[in-house]
Structures are given as structure tokens and as C-alpha cells.
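Trainee: Please give me a close look at one part of this model, the largest pocket, and then connect it with what surrounds it. Which residues lie nearest the centre of the largest pocket?

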Amino acid sequence: MRVIVNRIWQWRFGRGLVSTPNDFGRLGQPPSHPALLEWLTSRFIADGFSLKQLHKQMVMSATWRQSANHPDAELAQQQDPADELLWRSRVHRLRAEEIRDAMLAACGTLDLTMGGPSVDAKQPRRGLYVKSYRNRNDTLLHQFDMANGLERVSVRNTTTTPTQALAMFNGDEVLSRARKLAERVQQEGTDPAAAVRQAIRLTWCREPTDDELTRSLAFVVTKDTSGTPQLDSQRMTDFCHVLLNSGEFLYVD
């Protein structure tokens, strides 16, 4: 029971209470919070082995709802350099499937249909349903450390490589998502400021600051031959492309 509880914790927090999820023996690492692991396990058993209740227990906790920004981060980092004591949320990049699904959701094309057979990566189904080929690892998902399907993976690698940046900047898939996002925000309103606000809301999940809005409008708005300001569709696509490539879209803090 401790193994599955630790796996769920690792999925939610990025690192398990036991950092070696495949080894709970003497060769593995001891739990960072043994009492918490025991308590969660006892609750899991008492709740009839309900994974739903276990997830709910974690995501409703104060620990889960912490920000990565901490007022005493420098002092706390000195006392806990390995970042094991759960005093703040860990900054983490979205997983491969989450990056793909978030782009599809932002441009309004994500298919949320539950169940059914697996599909090709070109289909807008959730990443959970995308086919994985053992002899093909050139997709956007594999660029961002998707497991290759040839072996069991207890903890995914999180790499930062030039090919990831190239795939996001030059890949047809991301460019297509940027065009779809630009089309969506322009269809929902003709006002340039409203379009920029909506694009930022869909990608960054917040309102733009006054400075961000001013600078964004200076880029996407051009003047026609009569000198009338208008929203430039190509520039709007480029703007959406930048949003999808931004750290605020790809990372959670």
C-alpha cells in the first residue's frame, strides 16, 4: 500500500516521499516524511483503497496549494538545500503529454472524449490516447522526455536540450497550434485589446499587466493604407507562437 501511495504522491508533487519508487528496501532511500507516508497509507486503507479519495486528500492539502515563491526562500534553501521538506511548491515543467494537451486546449480543439481506441498523434485527442511506437521517437512528445515504451520508467527524466527549443520554435505542430489560437481569439472579438487579453488568458491563465498589454498591442496592431489601426493576423499568429514558447506556459510555479 505504501508503494501506490508513494506513486500517487510522486505524480502530484514531482518527487515521492520515497525518492526511489521502485525500491523500498535497504538499498533505496528512506522516506523524507515517514509519519506522513504511514498516515496517508492508513487513510487509503480506511477509504477502501479509493484512489479518488487519495488524490482528493492530496490536492486539498495546504502543501499542494503552496506557491513556488516563498518570502524566506534564501534562508529556507540554506536549511534544506535538497528541497525535501515541502516548505514550497517545486517549479516544474509540464510533462510531454501536458504540453501537447495544453496547446490543444488553448486553441480550442482538444477532444475530451473518454475511452476508445488509441489514435495517431495528429488527432486532437488527449495525450493519454496517442499511440506510442517503439521504433519511432521523433515526435514532440519524445522531445520532452516521454517514456519510450521499451522499459519500465519509475521516474521520468526532465531534460533541457536545444532540440526542444527548435521543436517549439520551428515544428509544424506548434506553428499549427499558434495559428489555431490566433484564429480563435480573432473570431471571439475584433477588438485588438480583447484578442490579446484572451490569448494571454488561454495560455498563461491570468490577465496581462498594463505593460504587457501595451507592448503586445504595439506588436500586433498595424495601420492600413488609410492610417486606420487594425489587428495584423500574421503578427497575431507570431504573438500566439511566442506565448506557447514562453516559460510561463511551459512551467508551473
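Mentor: The largest pocket is lined by 33 residues, and those nearest its centre are Gln10, Trp11, Gly14, His92 and Arg95. Helix H1 (2–13), strand S1 (92–93) and helix H5 (96–106) are the elements that each give two or more residues to this lining, and H1 gives the most, with 5 residues. A pocket here is an open set of points on a 1 Å grid over the protein atoms alone, where a 1.4 Å probe fits and protein lies on both sides within 12 Å along at least five of seven lines, and a lining residue has an atom within 4 Å of a point. Helices (H or I, at least four residues) and strands (E, at least two) are DSSP runs, numbered from the N terminus.

Please keep in mind that this is a predicted model, in which local features need pLDDT of at least 70 and side-chain atom pairs count only at pLDDT 80 or more, while totals for chains, interfaces and linings use all residues. Residues are numbered from 1 along each chain as its sequence is written, and side-chain values use heavy atoms, with hydrogens and water left out.

The volume of the largest pocket is about 1,000 Å³, a volume being the space filled by probe spheres set on grid points that are joined across faces, edges and corners. In character, the lining of this pocket divides into 11 nonpolar, 11 polar and 11 charged residues; Ala, Val, Leu, Ile, Met, Phe, Trp, Tyr, Cys and Pro count as nonpolar, Asp, Glu, Lys and Arg as charged, and the others, Gly among them, as polar.

The pocket is open, but the structure also holds 3 cavities of 30 Å³ or more, a cavity being a set of points from which the probe cannot get out. The volume of the largest cavity is about 90 Å³, and its lining consists of Asp120, Ala121, Val130, Lys131, Ser132, Tyr133, Arg136, Thr139, Leu141, His142 and Met146. That lining divides into 5 nonpolar, 3 polar and 3 charged residues.

From the pocket, H5 leads on to the packing of the chain. The largest nonpolar core has 33 residues, and Met103, Met236 and Phe239 have the most contacts inside it. At least two residues of this core come from each of H5, helix H6 (140–143), helix H7 (162–170), helix H8 (172–187), helix H9 (192–204), helix H10 (210–220), H11 and helix H12 (247–250). Apart from this core there is a second, separate one of 12 residues, which includes Val5, Leu17, Val18 and Phe44. A nonpolar core is a set of buried Ala, Val, Leu, Ile, Met, Phe, Trp, Tyr and Cys residues joined through side-chain atoms within 4.5 Å; buried means under 20% relative accessible area, exposed over 50%, and partly exposed in between (1.4 Å probe, protein chains only).

Once neighbours within four places in sequence are set aside, methionine 103 is in contact (heavy atoms within 4.5 Å) with Leu140, Met168, Val174, Arg177, Leu244 and Phe249. Threonine 203, which is found in helix H9, likewise has Leu244 and Phe249 among its contacts outside that range of neighbours, together with Ala106, Leu181 and Leu243. Threonine 203 counts as buried because its relative accessible area is 5%.

Helix H11 (residues 233–245) contains valine 242, and threonine 237 lies in helix H11 too. Threonine 237 is buried, with a relative accessible area of 14%, whereas valine 242 is exposed, at 53%. Beyond its neighbours within four places in sequence, threonine 237 is in contact with Ala178, Arg179 and Ala182. Alanine 178 also serves as a reference point for valine 242: 64 residues separate the two in sequence, and their C-alpha atoms are 8.5 Å apart in space.

Two loop residues deserve a careful look for their backbone angles. Aspartate 145, in the loop between H6 and H7, has a phi near 70°, a positive value in a residue other than glycine, and it counts as buried because its relative accessibility is 14%. Cysteine 205, in the loop between H9 and H10, is not a glycine either and has a positive phi of about 60°, yet it is exposed, with a relative accessible area of 67%.

For the chain as a whole, there are 12 helices and 4 strands, and buried residues make up 34% of the 253 residues.
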